[in-house]
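Welcome! Let us take a walk through this protein together, starting with the whole and ending with a few single residues.

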Amino acid sequence: ALPICGTCKATNTNCAVSRDFTRAGIDAQADIGKIRLMGALLKTTDDNSIATAEVDNNAAYIEARYMFTKNGRPSFVPLLRLDSYERNDGQDDFDEITVQAAYYFAENARGFIEYWDVNGPTAADDDSMVTLQVEVGF
């Protein structure tokens, strides 16, 4: 776990009033054969915008991927990720799902198709997206 605390001071930042914040989180990763599991939990406490009350929100994710390999390197990697987070002092819950299929053309080049969906507290917060992308690293 890693706690971080601080203050946004009105005297030397763009804060209208001095506000305190705290972040505490923990994450984990495990490789089991060709499966990689990852996850994290985060707890936040902030002063509200006028520093008269504290606002608490939580966030978490879990991700799993399987690496099909060719010549000892990843070739095809499907991924599933679930995210859950709060806003508005825990009153608004958001749940996201990401499904991705990646193909590695080379060690530093991959293409993927990804579907992302979010469900929020109202229908106006709901959204989804499909991404087709190619990445090359140097």
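What percentage of the 138 residues of the protein count as buried? The share is 22%. Please keep in mind as you look around that this is a predicted model.

Let us begin with the overall form. The C-alpha trace spans about 60 × 35 × 30 Å along its principal axes. The radius of gyration of the protein is 19 Å, whereas a compact globule of 138 residues would have one near 14 Å. On the outside, about 9,300 Å² of the protein is exposed, and 56% of that comes from carbon and sulfur atoms. There are also charges to look for: the protein carries 12 positive and 22 negative side chains, and 11 Å separates the centres of these two sets.

Now for the secondary structure. You will find 9 strands and 0 helices in the protein, so to speak a run of β-β-β-β-β-β-β-β-β when read from the N terminus. If you take the contacts between residues at least 6 apart in sequence, 29% of them join residues at least 24 apart.

A good place to settle is strand β6, which covers residues 73-87. Which strands does β6 pair with over 7 bridges, 3 bridges and 12 bridges? The 7 bridges link β6 to strand β4 (residues 54-66), and this pairing is antiparallel. Within it, E63 has R81 of β6 as its bridge partner. The 3 bridges belong to strand β5 (residues 68-70), which also runs antiparallel to β6. Here F68 is the residue opposite F76. The 12 bridges connect β6 with strand β7 (residues 92-106), once again in the antiparallel sense. As an example, P78 is the bridge partner of A101 in β7.

Let us pause at F76, which is part of strand β6. Is F76 buried or partly exposed? With a relative accessible area of 35%, F76 is partly exposed, because buried would mean under 20% and exposed over 50%. Setting aside the neighbours within four places in sequence, F76 is in contact with Y66, M67, F68, A101 and A102. F68 is thus a residue you have met before, as the one standing opposite F76. For I97 the picture is another one: from F76 to I97 there are 21 residues in sequence and 20 Å in space, C-alpha to C-alpha.

Finally, follow the chain around the turns. β5 and β6 make a hairpin with 2 residues between them. N71 lies in this loop between β5 and β6, and N71 has a positive phi of about 55° although it is not a glycine. How exposed is N71? Its relative accessibility is 76%, so N71 counts as exposed.

At the other end of the tour, β6 and β7 form a hairpin with 4 residues between them, and N88 in that turn has a positive phi of about 60°. D89 is also found in the loop between β6 and β7, and the phi of D89 is near 60°, a positive value in a residue other than glycine. D89 has a relative accessible area of 36% and is therefore partly exposed.

Note on methods: Residues numbered from 1 in each chain as written. Predicted model: local features only at pLDDT ≥ 70, side-chain atom pairs only at ≥ 80, totals over all residues. Heavy atoms only, no water. Rg over C-alpha atoms; globule rule 2.2 N^0.38 Å. Buried < 20%, exposed > 50% of the residue type's maximum accessible area, 1.4 Å probe, protein only. Contact = heavy atoms within 4.5 Å. Areas by Shrake-Rupley, 256 points an atom, 1.4 Å probe, with all protein chains shown as cover. Lys, Arg positive; Asp, Glu negative; His and termini not counted. Charge placed at Lys NZ, Arg CZ, Asp CG, Glu CD. Pairing = 2+ DSSP bridges.
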